[in-house]
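User: I have a model open and want to go through it piece by piece. Can you walk me through the parts I ask about?

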Amino acid sequence: MKLMIASDIHGSSCYCREMLNAFDLEQADKLVLLGDILYHGPRNDLPKDYAPKTVISLLNERKSELLCVRGNCDTEVDQMVLQFPIMADYAIFYAGDRMIYATHGHNFNKESLPPMQPGDILLHGHTHIPAWEPFGDNNLYLNPGSVSIPKESSAHGYMILTENEALWKDLGGAVYHTETI
């Protein structure tokens, strides 16, 4: 299993293209999008090359390669134009024997935990800040940061997840953090 995890595109055609180029280079099995796909939200400035219709086209061409959860800026109207499911509040999958609870982060996060067991991993975006933090009973919180509007001087980036490792990379593919899971 090799997954590419990305979050918070916010309608940027430029960074969406860079993300998809990185996905092609990574040769991951799936691209997991943690929400906030088309709209930039009222608290964010417009991202570079804000063009939601272009992002729609770019992602619809890859619909069979995507697994998505709903972000706080994603709506039913977005689902009407996107040809892959985006309205689930969470997804569950496994990395080796560890369950991963993937969500956007606006409802479930470290302060408002979903039903998790010891050793489970909480994966979410929303904050636009990459994170790799242990918590609870051998739990781990992972956040890929933001593709288009990174915060706190973090990179425009993504995460690669395998059965036993998470890698944080900038959109050029340079690794800036590695975490064993």
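Analyst: What follows is a set of short answers on strands, cores, a cavity and two loops, all for a predicted model.

User: Start with β9. How many of its residues are buried?

Analyst: Strand β9 covers residues 157-162, and 5 of its 6 residues are buried.

User: Which strands does β9 pair with?

Analyst: Strand β1 (residues 2-6) runs antiparallel to β9, joined by 4 bridges. Strand β10 (residues 165-170) also pairs with β9 in the antiparallel sense, over 5 bridges.

User: Which residue stands opposite K2, and which opposite M159?

Analyst: K2 faces T162 in β9. M159 has W168 of β10 opposite it.

User: What joins β9 to β10?

Analyst: A hairpin, running through 2 residues.

User: And the side chains along a strand, where do they go in general?

Analyst: In a regular strand they alternate between the two faces of the sheet.

User: OK, the inside now. How many residues are in the largest nonpolar core?

Analyst: The largest nonpolar core has 29 residues. Those with the most contacts inside it are M4, M19, L31, L33, I37 and L59. Elements giving two or more residues to this core are β1, α1 (13-26), β2 (30-33), α2 (52-60), β3 (66-68) and β9.

User: Which element gives the largest share?

Analyst: That is α1, with 7 residues.

User: What does M19 touch, leaving aside neighbours within four places in sequence?

Analyst: With those left out, M19 is in contact with M4, A6, I9, L31, L33, L59, V147 and L171. There is also a second, separate core of 19 residues, with A91, F93, A102 and I181 among them.

User: Back to α2. Which of its residues are buried, and what covers them?

Analyst: The buried ones in α2 are V55, I56, L58, L59 and N60. Their cover includes α1, β2, β3 and α3 (76-81).

User: Different topic: how many cavities of 30 Å³ or more are there?

Analyst: A search of the whole structure turns up 1 cavity of 30 Å³ or more. The space in the largest cavity is about 30 Å³.

User: Which residues line the largest cavity?

Analyst: The lining consists of R70, D89, T103, H106, N107 and F108. By type, the lining residues of the largest cavity are 1 nonpolar, 3 polar and 2 charged.

User: Now P47. Where is it, and is it buried or exposed?

Analyst: P47 sits in the loop between β2 and α2. P47 counts as buried because its relative accessibility is 8%, and the cut-off for buried is under 20%.

User: What is in contact with P47, again without the neighbours within four places in sequence?

Analyst: P47 is in contact with H10, S12, H40, S148 and I149 on that basis. P47 and G11 are 36 residues apart in sequence, yet their C-alpha atoms are 7.4 Å apart in space.

User: You listed S12 as a contact of P47. Where does S12 lie?

Analyst: S12 is in the loop between β1 and α1.

User: Why does S12 count as buried?

Analyst: Because its relative accessibility is 0%.

User: And what does S12 touch?

Analyst: Not counting residues up to four places away in sequence, S12 touches P47, K48, D49, Y50, V55 and S148. Of these, V55 is one of the buried residues of α2, and S148 is also in contact with P47.

Terms used: Residues numbered from 1 in each chain as written. Predicted model: local features only at pLDDT ≥ 70, side-chain atom pairs only at ≥ 80, totals over all residues. Heavy atoms only, no water. Buried < 20%, exposed > 50% of the residue type's maximum accessible area, 1.4 Å probe, protein only. Pairing = 2+ DSSP bridges. Core = buried A, V, L, I, M, F, W, Y, C linked by side-chain atoms within 4.5 Å. Contact = heavy atoms within 4.5 Å. 1 Å grid on protein atoms, 1.4 Å probe; cavity = no way out; pocket = protein on both sides within 12 Å on 5 of 7 lines; lining within 4 Å. Points joined across faces, edges and corners; volume = space filled by probe spheres on them. Nonpolar A, V, L, I, M, F, W, Y, C, P; charged D, E, K, R; others polar.
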